[in-house]
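Student: Could we walk through this model together, with each criterion spelled out as we go?
Tutor: Gladly; let us put the sequence and the structure up first.

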Amino acid sequence: MAYLARKYKILGLIGDGIAEEIVPEAVRVLRASEEAYGLNLEVIGPHPFGAKYWLDSSRKASWHPEITRELIYDVDGIFKGPVGLPSLLEDVKLNYEVGFLPVGLRSELDLYANVRPCKLRPGVKSPLVDKEPGDIDFVIIRENTEHCLAEATHFGGIRDIGGYFERAGKVDFAADVYIQTSKGCERVIQYAFDLSRRRSGAPNDRKRRVTCTCKWGLLRGDTLFKRSFEKVAARYPDVEADYAWIDGWAYWAIMRPEHYDVVVTPNQYGDIISDLSGAIQGSMGLAAALNAGDEHAFAEATHGSAPDIAGKNIANPISLILSIGMLLEWIGEKRDDDRLRAAGKSINMAVDAVLGEGKVRSPDIGGSSTTEQVGNAVAQKVRSTELD
Ligand code: IPM
Ligand code: MN
C-alpha cells in the first residue's frame with residue numbers, strides 16, 4: 001500500500017545579513033529530506049522578517065503582513081534566519097524593536113527551552129588543543145522566556161518594567177529587571193533532565209549529568225533557579241545533579257568540556273555561554289538552536305546576521321541546517337512520526353558526513369567552499385542516506 005504522508009506546514013522567516021544566503025540553503029536541505037523520506041511539507045514563505053524589512057517598509061513594520069498570529073500558531077514549525085543590521089545600532093529604539101523580534105516570538109509561543117548543542121564534529125578543529133570528536137558533546141538548555149528578557153511579546157508590543165530615565169532632557173539612567181518564576185525554572189530544568197535521559201551521558205565517564213549554572217547566593221532569581229533545580233533533580237535519581245557558578249562554568253568549559261552532558265541556565269547566561277560553546281565546537285557557523293515549548297518550536301542559528309561577511313557567499317549555512325534537523329525531529333516526536341524523526345536525524349548525519357570528508361568546507365572552518373556548495377553537499381548526502 002502506498003504510504004500516505006501526513007502534511008506538515010513549516011513557516012520560514014528570512015532575517016538580515018547572511019540570512020539571505022543561508023536560508024535558501026536550509027530550504028534546499030529541507031526539500032532534499034522531504035524527497036528522500038517521502039514527506040509532505042508545505043513550506044510557507046520564507047517571508048521577510050527583521051531590520052531590512054523594517055527599513056524597506058519605511059519603518060512601518062518589522063515583518064511581512066502574511067506573518068500573522070493565526071499563522072504562527074497554526075504551523076507545525078518555524079525556522080528563521082538571524083536578524084539585525086549595524087545601521088540600526090545608532091537608533092536605540094529601532095534596535096530594541098528588531099532585537100526583540102526573535103525574543104518576542106519565543107515569549108509569544110511560550111518556547112521556554114532554547115536547546116543549543118555543543119558538539120565537536122568530525123573534521124572540525126576545536127581551538128581547545130588535543131580535543132577529538134567525541135570528547136566534546138554537551139547541550140546547553142537556555143531558559144528562554146524569563147530573566148532579563150521576561151516580558152517581550154511579539155504581537156502585543158514590548159512591555160517591560162525597566163526603562164530609560166531622563167533628567168534635564170537627557171537619558172541619565174537605565175534599568176532592567178530580572179525575573180524568575182518557579183514554574184519557569186522548573187519546566188526548563190525538567191526539560192534538561194528529560195533530555196539527559198535520552199542521551200548517553202557525558203564524554204568523560206558516560207554518566208548522565210545535568211549541570212545547573214548561574215550565580216545563586218548572590219542574585220535572588222538565580223537562587224530560586226538553584227532551589228528549583230534541587231527540587232526537580234530529586235525526581236531523577238538516575239541522573240547526576242551537578243553545580244557550577246556561571247563564572248566557574250566558563251572556566252571549566254574550557255578546561256574540561258568532556259565533563260558536561262546537559263547544562264541548564266537562566267536566559268542571559270545561556271546567551272553568553274552559547275557563544276563560548278560556539279567557539280569550543282570550532283565555529284559559530286556550526287552552532288545550532290531549537291526554541292522549544294510544549295506545543296510549538298522554531299529553529300534558528302545561534303549566531304547573528306554577520307553583516308561583515310554578508311553578500312559574499314561564504315557564510316556557513318550549517319548552523320541553520322542543523323537547527324532545521326532539530327525542528328524535524330521535534331515535530332516527529334510531537335506527532336509521533338518516524339519518517340520525520342528519521343529525516344531530522346539524517347540531516348545531522350549528513351552534516352557529519354560532509355564535514356568528515358572535508359572536501360566541502362566554508363572559510364570559518366578552514367575551507368574555501370561557498371555557502372551554496374556547502375548547502376548542496378549536505379542536500380546531496382541527505383538524498384543518499386537510506387531509510388532504515
Ligand atoms: C541569540 C541572540 C539573540 C538573543 C538576540 C538576537 C536577541 O543573541 O539567539 O543568542 O539574545 O537571544
Ligand atoms: Mn546570542
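Tutor: To begin with a definition, a residue counts as buried under 20% relative accessible area, as exposed over 50%, and as partly exposed in between, with a 1.4 Å probe and protein chains only. This is a predicted model, in which local features need pLDDT of at least 70 and side-chain atom pairs count only at pLDDT 80 or more, while totals for chains, interfaces and linings use all residues. Residues are numbered from 1 along each chain as its sequence is written, chains are lettered from A and ligands numbered from 1 in the order in which they are written, and side-chain values use heavy atoms, with hydrogens and water left out.

Student: Let's try that on K359, then: buried or exposed?
Tutor: K359 counts as exposed, because its relative accessibility is 67%. Its salt-bridge partner is E357, which at 44% relative accessibility counts as partly exposed.

Student: How far apart are N and O in that bridge between E357 and K359?
Tutor: The N to O distance between the two side chains is 3.9 Å. The criterion for a salt bridge is a side-chain nitrogen of Lys or Arg within 4 Å of a carboxyl oxygen of Asp or Glu.

Student: How many salt bridges does a search of the whole structure find?
Tutor: The search finds 32 of them. As background, side chains of opposite charge can pair when their charged atoms come close.

Student: Which residue does R121 bridge to?
Tutor: R121 forms its salt bridge with D352, and the closest N and O atoms are 2.7 Å apart. R121 lies in the loop between β4 and β5 (137-143) and D352 in helix α10 (residues 338-357), so this pair ties together parts of the chain that are 231 residues apart in sequence. Helices (H or I, at least four residues) and strands (E, at least two) are DSSP runs, numbered from the N terminus.

Student: And are R121 and D352 buried or exposed?
Tutor: Both R121 and D352 are buried.

Student: What about D110, which residue is its partner?
Tutor: D110 forms a salt bridge with R187, with 2.8 Å between the closest N and O atoms. That pair also links distant parts of the chain, 77 residues apart, since D110 is in the loop between α4 (92-108) and β4 (113-119), whereas R187 is in helix α5 (residues 182-198). The two ends differ in burial: D110 counts as partly exposed because its relative accessibility is 33%, while R187, at 17%, counts as buried.

Student: Which residues are linked in a network of salt bridges?
Tutor: D205, K207, R209 and E240 are linked in such a network.

Student: Switching to strands, how many bridges join β8 to β9?
Tutor: Six bridges join β8 (residues 209-214) to β9 (residues 240-245), and the two strands run parallel. Strands are said to pair if DSSP finds at least two bridges between them. From β8 the chain crosses through helix α6 (residues 220-233) to β9, and this β-α-β crossover is right-handed, meaning that, with the strands pointing away from the viewer, the path from the first strand over the helix to the second runs clockwise. Within the pairing, C212 stands opposite Y243 in β9.

Student: And β1, which strand is it joined to by six bridges?
Tutor: Six bridges join β1 (residues 7-13) to β2 (residues 40-47), again a parallel arrangement. The crossover from β1 through α1 to β2 is right-handed, and L11 stands opposite I44 in β2. The helix in that crossover, α1, covers residues 19-36 and includes E34, a residue that counts as buried because its relative accessibility is 15%.

Student: Any backbone oddities? Where is the cis peptide bond?
Tutor: The cis bond joins G45 and P46, with omega about 0°, and P46 is found in strand β2. For context, most residues other than glycine have a negative phi, and most peptide bonds are trans.

Student: So what is the phi of A168?
Tutor: Phi of A168 is near 50°, a positive value in a residue other than glycine. A168 lies in the loop between β6 (163-167) and β7 (170-175) and, at 84% relative accessibility, counts as exposed. D336 likewise has a positive phi of about 50° although it is not a glycine; D336 sits in the loop between α9 and α10 and counts as exposed because its relative accessibility is 59%.
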